[in-house]
Amino acid sequence: MDDKTPLRPLCYIVSPVGCLGYGFDEDLTTYHLARVVSSGVPTAIILDSGSTDSGPNKLALGSMTCPQSAYYKDLSKMVKLVHTFQVPLLFSSAGGDGADEHVQLMGQIIEEIASKENQHYRFKTISTFSSIDKGLIKSRWRAGRVSGCGPCVPQLTEDNIESSVRVVAQAGYEPFLDAMEAYPDFDIIIGGRAYDPAPYVAYCVFRLKQEIPGLHDAALEQRLGSFMHMGKIMECGGQCSTPKSHGAIATVFSDGLFHVEPMAPESKCTPLSVAAHTMYENTRPDLLRGPGGVLDLNSCRYEQLADGRTVKVSGSRYRTSTQEGMPYRLKLEAACVKGYRSMFLGSVRDHILINQIDNLLPRVKTYVQHQHADLGGKWDLGFHVYGKGQKGPNGPGELFMVVEALAETQQLATSLASKARVGMIHGPYPGQKATSGNFAFGIGGLMEIETGECAQFSMYHLIDLEPGEERLSLARTNGLFRATCRIIGSGPAIQVNHDFLLGISEMRKQLPLPTSNSPNITQQPSRIYPPRTISDVASVLRSKNAGPYEITIDIIFQSAFDYRWVKESNVLSRKTIAHVLGIQEKDIVWMGFFEPALAFKVTIPRFRGGVMASSGSFMENDVHGSQQHTAVGTIGLPTPRARSVVRRKLYKILPSVASFWGLGILYKRKASNLQG
């Protein structure tokens, strides 16, 4: 640490995994908790549990990101750590969507664990709730105080509000902080839907206000940027490290500086890996908007510490909505049921048909329409075709097809799918020789597969709040954010004193550093020389959802040389990007270079069938948006100038030349000494 860094941290935050229910390394987490708790510095286990990444089903149908058994398994380990180390556990967006019913379910799971697994468990448990009344939304919408979250989100309608099954709001850090201050001896907080960094920020503010009583708002706002940035990095666990670790640890200081390190012993955080994660699944890398303000990272600094695996972050700034002259805004999330879906699967191998498949599919849809002429336009049929352009030993290869039907009832959807399957099997085409059938089907012994209700996002909008509505008021039951507190388990309270910390210190001495259970993949991308495409100079090339309506693509270059070369060449122009992605230039939401990560980012609308759409509904084929980057990787690089080629070759041979030259000088000196 340098002289400006306080010696004693404000707190440690341990995030064993990026999402509750995914599983985590209990031995590794135990080791690190023993290490930090024995220091006497306040420590918390914090993790996020929510996302819209997997689509609208949770909000519309009441499903969860993981099965209930997975939450039981993870929480069983978590509460054991809470009991052993007497550290609080905070997790937000319970069940994935943060709906009230899932907050309650997580409480029931912890109750079951306490009653079955350890009679000594005793947890003061706070549950916060984020469901929003649709009547309030209607009144704000009519007053013009509800707007789309980004340019790709359609305008809200009254039908959207009415059809929404559940509406939740992404809470900021304030409700979590209010709950902690109301019950400062809490053990567990089960959070409703929240902005991902919210519980991280709240815990830091809670510890800061205890360390500095009477802290002024201005002084707090100076630190909010760092706390918010730390939470943004930590909410994905160890994804900010290389190779990726399951978990990560943040060391937070009272002046706002923070350090981040991976839990896995074979992983390390670097300035590039941490800066690169800052831009992950965000519309843009420099300004990150959230409840009540914007995180500004334009002046951020990332410094490698002496251990080679920890990064110090400073310079993060937060501007509140008040400072920008705007009301505090919350993001609303909701989904509706669009209908019922049935599908069938199969393949085409006949090269005669493969070459004209685009002509057959419209005729299949026309056949289905004729067979259901009384339905009008109250149904839909779509075809996923995989394998176009691939070559096999006897011609164009094989097409795999997934065909979806959507209707008002499951019976009708299945009827539509059945008629489409018949059309696929027996539809005639020019040059046909395979008269016994066009389509290989019956995978798994099934003809049509009924998938049930089909959900669709109906709300992803910002709502203006009145002053104070962002806070948690335990005295009223009808506020935007509500909470309950209860004791789970009948065990005795444990005193955290000198003897307790001494016991943890002794435990630490007896715990060897465990090896990580994660696969150790350390191989770096091989260097292709001369590089011909963007992919050849990228160490990371990825795409991801930036909310349900946008896809963002990141290119992280292998070196500063490659970053500057590509940037100066202008090969990543708006025209080129739009061309390879098959969109218009005006559709690009944001694009630009981001030097802290040696990266380039472009964000575009999510399209389906040529129309802007939200993720996870009818005809979805990439709900995470993680396979939409390949076209950008094929963009060609300019032919390097001769001097650039020479420079690169010199970079490769200079160390050998220098070494050889040094040996030659040394030999001459020795020969001269011998002659003397």
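**Salt bridges, an enclosed helix and the overall fold**

Arg289, Asp296, Arg319 and Glu324 are joined in a network of salt bridges. The model in which this network appears is a predicted one. Within the network, the side chains of Glu324 and Arg319 meet in a salt bridge, with an N to O distance of 3.3 Å. Both partners lie in the intermediate class of accessibility: Glu324 is partly exposed, with a relative accessible area of 28%, and Arg319 is partly exposed at 27%. Side chains of opposite charge can pair when their charged atoms come close. With the cut-off for such a pair set at 4 Å between a side-chain nitrogen of Lys or Arg and a carboxyl oxygen of Asp or Glu, the count comes to 35 salt bridges.

Two further pairs involve strand E15, which covers residues 329-348. In one of them, Asp464 forms a salt bridge with Arg329, and the closest N and O atoms are 2.9 Å apart. This pair links distant parts of the chain, since Asp464 belongs to strand E19 (residues 449-464) and Arg329 to strand E15, with their positions 135 residues apart. The accessibility of the partners falls into two classes: Asp464 is buried, at a relative accessible area of 10%, while Arg329 is partly exposed at 26%.

In the other pair, Glu404 and Arg341 form a salt bridge in which the closest N and O atoms are 3.1 Å apart. Here, too, distant parts of the chain are linked: Glu404 is in strand E17 (residues 399-407), Arg341 is in strand E15, and the two are 63 residues apart. Glu404 has a relative accessible area of 3% and is therefore buried, the limit being under 20%. Arg341 also counts as buried, at 12% relative accessibility.

Attention now turns to helix H1, residues 26-37. At 1.5 Å a residue, its 12 residues should span 16 Å, and the end C-alpha atoms are 16 Å apart, so the expected and computed values agree. At the start of H1, a side-chain oxygen of Asp25 reaches to within 3.2 Å of the backbone nitrogen of Asp27. The helix is largely enclosed by the rest of the structure, because 9 of its 12 residues are buried. Among these buried residues are Leu28, Tyr31, Leu33, Val36 and Val37. The elements against which the buried residues of H1 pack include strands E1 (11-15) and E2 (43-48), as well as helices H3 (68-85) and H14 (498-510). Strand E8 (248-252) is another of these packing partners.

Strand E8 also borders the loop that holds Ser254, which runs between E8 and strand E9 (258-262). Ser254 counts as buried at 15% relative accessibility. Beyond its neighbours within four places in sequence, Ser254 is in contact with Leu10, Leu208, Glu211 and Arg223. The C-alpha atoms of Ser254 and Cys11 are separated by 8.5 Å, although the two residues are 243 residues apart along the chain.

The chain as a whole contains 18 helices and 26 strands. Residues 24 or more positions apart account for 77% of the contacts with a separation of 6 or more. For 676 residues, a compact globule would have a radius of gyration near 26 Å, and the 29 Å of this chain agrees with that expectation. The C-alpha trace spans about 90 × 85 × 50 Å along its principal axes. Of the 676 residues, 54% count as buried. The chain exposes about 30,500 Å², of which carbon and sulfur atoms supply 51%.

Conventions:
Residues numbered from 1 in each chain as written. Predicted model: local features only at pLDDT ≥ 70, side-chain atom pairs only at ≥ 80, totals over all residues. Heavy atoms only, no water. Buried < 20%, exposed > 50% of the residue type's maximum accessible area, 1.4 Å probe, protein only. Helix = DSSP H or I, 4+ residues; strand = E, 2+ residues; numbered from the N terminus. Expected span 1.5 Å × (residues − 1). Contact = heavy atoms within 4.5 Å. Polar contact = N/O pair within 3.5 Å; in protein donor to acceptor, adjacent residues only side chain to side chain. Rg over C-alpha atoms; globule rule 2.2 N^0.38 Å. Areas by Shrake-Rupley, 256 points an atom, 1.4 Å probe, with all protein chains shown as cover.
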